Amino acid sequence: PIVPAERAGTNSDMLRRLATTPLRRAIVAPRLGSRPLSSAVSAATQRFLDDAGCAVPVIKGPMYPGSNPELVAAVSAAGGLGVVQPISLTHLYGHDFREGLQLIKRLTDKPFGVNFTILENKKYKKQMDEWMHVAADEGVKFFLTSLGKPDRIVAFAKPRGIKIYHDVHTPRVAEKVAASGVDGLICLNDAMGGQTGNRSAEMFAEQLRGIGLPLIQAGAVADGADLRRALDLGYAGASVGTRFLATHEAQVTQSYKDAIVAATGDDIVWTNKLAGTNSSVIKTDQLAAGGLRVNALVAWLLRNRYTKTLTRTLMSPRRVNPRHRRDDGVARPLISRRLKQAMETYKKAAFDDQVEIWQAGRGVDRIESIESCADVLEGFRKGLM
């Protein structure tokens, strides 16, 4: 069974063990190495490869679950760009943030990135600032940012030579973010797993044509043919999640991996009951028993810009601490209590075979087996030959 790091001994012990095991040797010396792609790539793709320091234009998305150091390191070592989700690394997998980054560096000498979710909460902002400084201290040169305005992170990163790519889900958000000085955009489409986008990859690429930044397709890229199609649409690369969960290096349950392999696109459904926003998951009897959608009134409140944050808070059965209210009395949850509740559900699903709440995207149609990250990246590379 899969167990969090805190149940498997101290992280320091794990660092010492892994530094001398065959696992490290397998990760730092994959078959792919850093061989250049034989076919010509676009200027945008080359710009992304230069920004990320990788050989194949594929990012391992910052997943929750899916940020254990072994997975991040294996993707980077095989030629892609592994990205760490800090809350996943610390809260779910039980690592101290700095020790987790150092473990990745012991497992591979290739670059990797860190994701920062931007939330309007003083306590979280303080923690994020600490993580940013630690990441910079440890030599991380690629930040992937999500939600909110990235201006403050841009101001921190640019003088340090760190590249910033930001998640966007609409052209309007993309234009605003581009003006803030980011280096690229992660374009969330409606086929991705987890917190999903709202438009097709084709539509988004057309709407953002001429924006002047590398665009990364996020959603429905599971093999080399998918990656080739993404580049043909004008994307510079792809952010991949579900495919990397069905790998030997991912620390999630065998049931989760088997469900991804067995699923088809028709098994992927959206639910807004977990986090208050649409989440793309595999349809199971356990999930259906609780219902997939909130009622019509709550759905309207969740869509309204003035009520959506409060509504997500009230969807949680727990009361809001008075200290977590803004001056105007509106609830200001720590990470959003509904989101926090969803994170606990996903944590259980990562380690408990009996919890069948599995995030996944429509790329499951092309996932036929559980493979090593080296084999997955080799498939991506072959798609570009």
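**How the helices and strands fit together**

In this predicted model, helix α11 (residues 224-232) and helix α18 (residues 373-383) have axes that come within 7 Å and cross at roughly 45°.

Me: Why is α11 called oblique to α18?
Reply: Take the angle, roughly 45°. Under 35 degrees would count as roughly parallel, and 65 to 115 as roughly perpendicular. The value fits neither range, so α11 is oblique to α18. As for handedness, α11 passes α18 in a right-handed crossing.

Me: What makes the contact between α11 and α18?
Reply: On α11 it's Gly-224, Leu-227 and Arg-228, and on α18 it's Gly-379, Phe-380 and Gly-383. By class, that gives two nonpolar, three polar and one charged residues. Gly counts as polar here.

Me: How do you know that β5 and β6 pair?
Reply: Pairing takes at least two bridges. Strand β5 (residues 163-168) and strand β6 (residues 184-188) are joined by four, so they pair. These two strands run parallel. One of the residues involved is Val-168, whose bridge partner in β6 is Cys-187.

Me: What do the strands close into, and in which order?
Reply: Eight strands close into a barrel, with parallel pairing, in the order β1-β2-β3-β4-β5-β6-β8-β9. From one strand to the next, the twist averages 25°.

Me: Which strands does helix α4 touch, and how is its direction set against that of β2?
Reply: Helix α4 (residues 69-77) packs on the sheet and touches β1 (58-60) and β2 (81-84). Its direction makes about 155° with that of β2. Angles over 145 count as roughly antiparallel, so α4 is roughly antiparallel to β2.

Conventions: Residues are numbered from 1 along each chain as its sequence is written. This is a predicted model: local features need pLDDT of at least 70, side-chain atom pairs count only at pLDDT 80 or more; totals for chains, interfaces and linings use all residues. Side-chain values use heavy atoms; hydrogens and water are left out. Axes are lines fitted to C-alpha atoms, for helices over the stretch in contact, and angles run from 0 to 180 degrees between N-to-C directions. A crossing is left-handed if the near helix is turned anticlockwise from the far one by less than a right angle, and right-handed if clockwise. Contact means heavy atoms within 4.5 Å.
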